[in-house]
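Here are some exercises to try with a structure open in front of you. Have a go at each one, then read the worked solution.

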Amino acid sequence: MADNNTLCFDIPRLGPCRVPSPTKGVRFVDDEARILHSADPHEVETLLSQGQPLPSMEVAGPRERIFFDPANLKCGVVTCGGLCPGLNDVIRALVLSLHYHYGVRTVYGFRYGYEGLVPRYGHEPMDLTLDAVDHIHDLGGTILASSRGPQDPKEVVDYLERLGVGALFTIGGDGTLRGAATIADEATRRGLPLSVIGIPKTIDNDICYVQSSFGFETAVSQAWRATYAAHVEAKGVHNGIGLVKLMGRESGFIAAYAVLADSQVNFCFVPEVPFSMETFLQALEERILRRHHAVIVVAEGAGQDLLDATGHLDASGNVKLADIGHFMREQIKEYFTRRGIPMSLKYIDPSYIIRSMPANPHDSAFGLLLAHNAVHAAMAGRTRMVVSQWNQQFTHVPISMAVSRRKRIDPEGWVWTSVLASTGQPRDLT
């Protein structure tokens with residue numbers, strides 16, 4: 001956790017807000033309204049006693065006066081990175097909010113991620129009309145498609161300036177937000193009043209200072225189907241083992257919450273907690289000899305120190321992971337063969353099924369609220385920020401803070417302690 005002295009949540013503004021908001025029937029938020037970063041009374045009391053400022057976040061929501069004149073504003077929307085449940089819900093909510101809350105008539109949908117913002121790729125923007133987004137919330141994926149990898153911010157801003165775009169909504173994770181910051185920086189360098197607003201999309205739920213990201217709850221509910229199937233398969237034979245690999249490159253939240261949702265899982269492995277394969281296999285053998293079935297959940301980024309990773313990078317600059325699921329499957333088979341213990345192993349990897357699903361009702365509603373607050377932030381002239389939810393309130397977070405580190409499971413915190421209590425696995429498997 002960053003030192004409280006370094007926590008600065010100030011949001012850049014394009015200029016003074018002089019235009020009366022056309023939004024009706026809403027409760028306007030005071031332009032200086034903030035909430036405390038920490039809800040811990042002891043921490044707050046300690047900071048006050050030391051004479052230190054209390055870190056706080058700007059409250060999201062509609063402002064009574066806005067920066068842009070909606071009649072002259074054009075907006076853009078782009079989706080980047082991997083697929084995630086709820087992308088189309090967010091796109092639709094952005095378009096509807098811009099149209100009905102502010103009267104914005106032109107919204108471009110840039111296709112294939114940041115490539116769509118570079119003309120030489122030849123991806124013509126989509127006109128996001130009300131008809132174009134009418135039923136897209138019923139669909140998985142994104143109607144704008146996606147891509148990975150950065151693009152030259154100078155080319156991007158050239159294109160946005162040529163189109164007359166004043167607000168760009170970027171929907172994506174860590175890499176997308178870093179790209180958004182470079183676009184905002186280039187616009188600032190030119191003196192161009194461009195609002196760049198990020199909406200946090202990461203199925204791994206690993207963006208810092210974002211309590212939760214849309215799509216995560218849908219992912220956990222779909223992962224539960226896989227762990228349920230693994231348990232049924234394991235119980236269906238003598239000495240049955242169900243092995244499920246779930247998403248989670250550096251943060252194991254999906255695996256952890258899937259285990260909490262299904263107390264029939266016996267072992268869980270996440271990137272934040274190292275383990276020894278031999279120690280685990282011994283514990284698995286004890287479980288099989290005692291109960292004759294077991295269910296194992298492993299996040300894709302777990303146990304990478306046990307594997308021969310290539311060190312190669314993908315288009316987003318992430319290290320390509322070795323396949324921990326395949327490795328564990330072969331290690332389990334080899335171990336039980338060597339021990340002369342018959343067993344039947346079923347391996348399930350539902351990753352692409354999970355991320356392609358339409359959002360469940362909770363994520364649909366959550367995506368809509370994130371989108372509405374992103375629109376309010378853009379209209380009020382905020383930029384270089386991401387919409388967040390913190391302590392159950394929607395807030396604004398500077399992109400620099402959101403990408404400052406990766407949100408991860410604390411091995412000593414309540415999430416992992418609860419996983420251990422649910423699975424009954426030994427705390428130390430090193």
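**Exercise 1: A residue in the core**

Val77 makes contact with Ile91, Leu94, Val107, Tyr108, Gly109, Phe110, Leu128, Leu144, Leu168, Phe169 and Ile171, leaving aside residues up to four places away in sequence. Keep in mind that you're looking at a predicted model.

Task: Find out how many residues the largest nonpolar core has, and which have the most contacts inside it.

Solution:
- Start with the count: the largest nonpolar core has 69 residues.
- Next, pick out the residues with the most contacts inside this core: Val77, Leu94, Phe169, Ile171, Phe214 and Leu246.
- Go back to Val77, and you'll see that its contacts include Leu94, Phe169 and Ile171.
- Finally, look for a second, separate core, which has 40 residues, among them Val29, Ile35, Val156 and Ile207.

**Exercise 2: Strand β15 and its partners**

Task: Work out why strand β15 is largely enclosed by the rest of the structure, then find which strands pair with β15.

Solution:
- Check burial, where the cut-off is under 20% relative accessible area. In β15 (residues 393-398), 5 of the 6 residues are buried, so the strand is largely enclosed by the rest of the structure.
- Now take β14 (residues 385-390), which pairs with β15 in the antiparallel sense over 6 bridges. In this pairing, Trp390 has Gln393 as its bridge partner.
- Then turn to β3 (residues 56-59), which is also antiparallel to β15, over 2 bridges. Here Glu58 sits opposite His396.
- Last, look at the hairpin of β14 and β15: there are 2 residues between the strands, and Asn391 takes a positive phi near 50 degrees. Asn391 is not a glycine, and it is partly exposed, with a relative accessible area of 37%.

**Exercise 3: Charged pairs**

Side chains of opposite charge can pair when their charged atoms come close.

Task: The structure holds 22 salt bridges. Take the ones formed by Glu32, Asp206 and Glu285, and say for each acidic residue whether it is buried or exposed.

Solution:
- Glu32 meets Arg13 in a salt bridge, at 3.7 Å from N to O. The two are 19 residues apart, with Glu32 in the loop between β1 (19-20) and β2 (34-36) and Arg13 in the segment before β1. Glu32 is exposed at 55% relative accessible area, while Arg13 is partly exposed at 36%.
- Asp206 pairs with Arg406 at 3.2 Å, N to O. This salt bridge spans 200 residues, from the loop between β9 (195-200) and α5 (216-235) to the loop between α11 (399-402) and α12 (414-423). Asp206 counts as buried at 7% relative accessibility, and Arg406 is partly exposed at 24%.
- Glu285 forms a salt bridge with Arg339, where the closest N and O atoms are 3.0 Å apart. Glu285 is in helix α7 (residues 277-291) and Arg339 in helix α8 (residues 324-339), so the pair ties together parts 54 residues apart in sequence. Glu285 is buried at 9%, whereas Arg339 is partly exposed at 47%.
- One more step: follow Glu32 and Arg13 into a network of salt bridges that also links Asp31, Glu58, Arg63 and Arg382. You've met Glu58 already, opposite His396 in β15.

**Exercise 4: An open sheet and its helices**

Task: Put the 4 strands of the open sheet in order, explain why β11 and β13 are each left with one side lacking a neighbour, and see which strands α5 and α8 touch.

Solution:
- Read across the sheet and the order is β11-β12-β10-β13, with parallel pairing.
- β11 (267-269) and β13 (344-348) stand at the edges with a single partner strand each, so one side of each has no neighbour in the sheet.
- Neighbouring strands are turned by 15 degrees against each other on average, ignoring direction.
- Zoom in on β10 (residues 240-246) and β12 (residues 293-299), which pair over 7 bridges. Lys245 has Val298 in β12 as its bridge partner.
- Now add the helices. α5 lies across β10, β12 and β13, at about 150 degrees to β12. α8 packs on the sheet, touching β10, β11, β12 and β13, and its direction makes about 160 degrees with that of β10.

Note on methods
Residues are numbered from 1 along each chain as its sequence is written. This is a predicted model: local features need pLDDT of at least 70, side-chain atom pairs count only at pLDDT 80 or more; totals for chains, interfaces and linings use all residues. Side-chain values use heavy atoms; hydrogens and water are left out. A nonpolar core is a set of buried Ala, Val, Leu, Ile, Met, Phe, Trp, Tyr and Cys residues joined through side-chain atoms within 4.5 Å. Buried means under 20% relative accessible area, exposed over 50%, partly exposed in between (1.4 Å probe, protein chains only). Contact means heavy atoms within 4.5 Å. Two strands pair if DSSP finds at least two bridges between them. A salt bridge is a side-chain nitrogen of Lys or Arg within 4 Å of a carboxyl oxygen of Asp or Glu. Axes are lines fitted to C-alpha atoms, for helices over the stretch in contact, and angles run from 0 to 180 degrees between N-to-C directions.
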